[in-house]
Amino acid sequence: MIKKAVLAPVLLLLGVYLFLNPGGSTGVGTIFATFWPTLFVIPLGLFFHWLHFSLMNSKHKGLLIPGGILLGAGVVSQIATLFDLWAVMWPGYILAVALGLFEFYWLGSRNKWLLIPINILTVIGFLFFAVFSLDSVLHHVVFVQPLVALAVLLGGAWLLVDRKPKTK
């Protein structure tokens, strides 16, 4: 059972990688360089969750914080590694901390004061995601600068032309 649960996702991920990378190098070093989050970080996060839910009988709620952080950071790292999106995905590490704290809040004592750092980290993470994603999209599209220039010119012309006479 455990062998299937561990081996199946690894084989699926490796198969998808080999399918999407035809003719590329597939040495052991390349596989480790590509899947290090799936091999090391995500299982460690799952291990903390397993400790909390199975071994400790949900007594030690503090295990959820590093478990959530490592699980979130592992997923962010794996996506960034697979698609070479490090410049866009780095706010996911801020959200990983928010995830760990939220798990502690949700499954723990529900201390309402934990919602303050959770919300601050979540808003900052999504704000940075939005800004850097938009920046990345705008840098890959060549014709955006003339469109922005045209919009600025039209906006300035509209402000000059749209003068209504002042009535007294």
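Which helix holds both F128 and F132, and how many residues apart are they?

**Entry 1: a pair of rings.** I began with this question, keeping in mind that the model is predicted. I found that F128 and F132 both belong to helix α6, which covers residues 115–140, and that they stand 4 residues apart, or about one turn of the helix. I then searched the whole structure for aromatic pairs and obtained 8 of them. F128 and F132 make one such pair, and its geometry is edge-to-face, with 6.3 Å from centre to centre and 65° between the planes. The pair receives the name edge-to-face because its angle of 65° falls in the class of planes over 60 degrees apart. I also looked up how much of each ring-bearing residue is accessible: F128 is partly exposed at a relative accessible area of 30%, and F132 is likewise partly exposed, at 29%.

**Entry 2: the rest of helix α6.** I stayed with this helix and noted that L115 is found in it, as is I124. L115 counts as partly exposed, since its relative accessibility is 27% and the class runs between 20% and 50%. I124 is also partly exposed, with 34% relative accessibility. I next looked at which residues lie across from them in space, and I recorded that the C-alpha atoms of L115 and Y105 are 7.7 Å apart, while the two residues are separated by 10 residues along the chain. For I124 I recorded P91, which is 33 residues away along the chain, with 8.1 Å between the C-alpha atoms.

**Entry 3: two residues with positive phi.** Where does D84 lie, and is it buried or exposed? I located D84 in the loop between α3 (64–83) and α4 (86–89), and I noted that its phi is positive, about 50°, although D84 is not a glycine. D84 is exposed, because its relative accessible area is 63% and the cut-off for that class is over 50%. R110 also has a positive phi, of about 55°, and R110 is not a glycine either. I placed R110 in the loop between α5 (91–107) and α6, and found that R110 counts as partly exposed at 43% relative accessibility. While looking at R110, I saw that it lies over the face of W106, at 4.1 Å from the ring centre.

**Entry 4: nonpolar and aromatic groups.** Which helix gives the most residues to the nonpolar patch? I listed the patch as V10, V28, F32, W36, L39, F40 and W86, which together make a nonpolar area of about 640 Å² on the surface. Helix α2, covering residues 28–55, gives the most to it, with 5 residues, and I checked that F40 lies in this helix. Separately, I noted that F47, F48 and W50 form one aromatic cluster.

**Entry 5: the whole protein.** I finished with the overall counts. The protein has 7 helices and 0 strands, so its pattern along the sequence can be written as α-α-α-α-α-α-α. Of the 168 residues in the protein, 24% are buried. The protein exposes about 11900 Å², and carbon and sulfur atoms supply 77% of that area. Lastly, I looked at contacts between residues at least 6 apart in sequence, and found that 57% of these join residues at least 24 apart.

Conventions:
Residues numbered from 1 in each chain as written. Predicted model: local features only at pLDDT ≥ 70, side-chain atom pairs only at ≥ 80, totals over all residues. Heavy atoms only, no water. Patch = residues over 30% accessible without salt bridge, like charges linked within 9 Å, V, L, I, M, F, W, Y side chains within 5 Å. Areas by Shrake-Rupley, 256 points an atom, 1.4 Å probe, with all protein chains shown as cover. Salt bridge = Lys/Arg side-chain N within 4 Å of Asp/Glu carboxyl O. Phe/Tyr/Trp six-rings, centres within 6.5 Å; stacked < 30°, edge-to-face > 60°. Buried < 20%, exposed > 50% of the residue type's maximum accessible area, 1.4 Å probe, protein only. Lys NZ or Arg CZ within 6 Å of the ring centre and 35° of its normal. Contact = heavy atoms within 4.5 Å.
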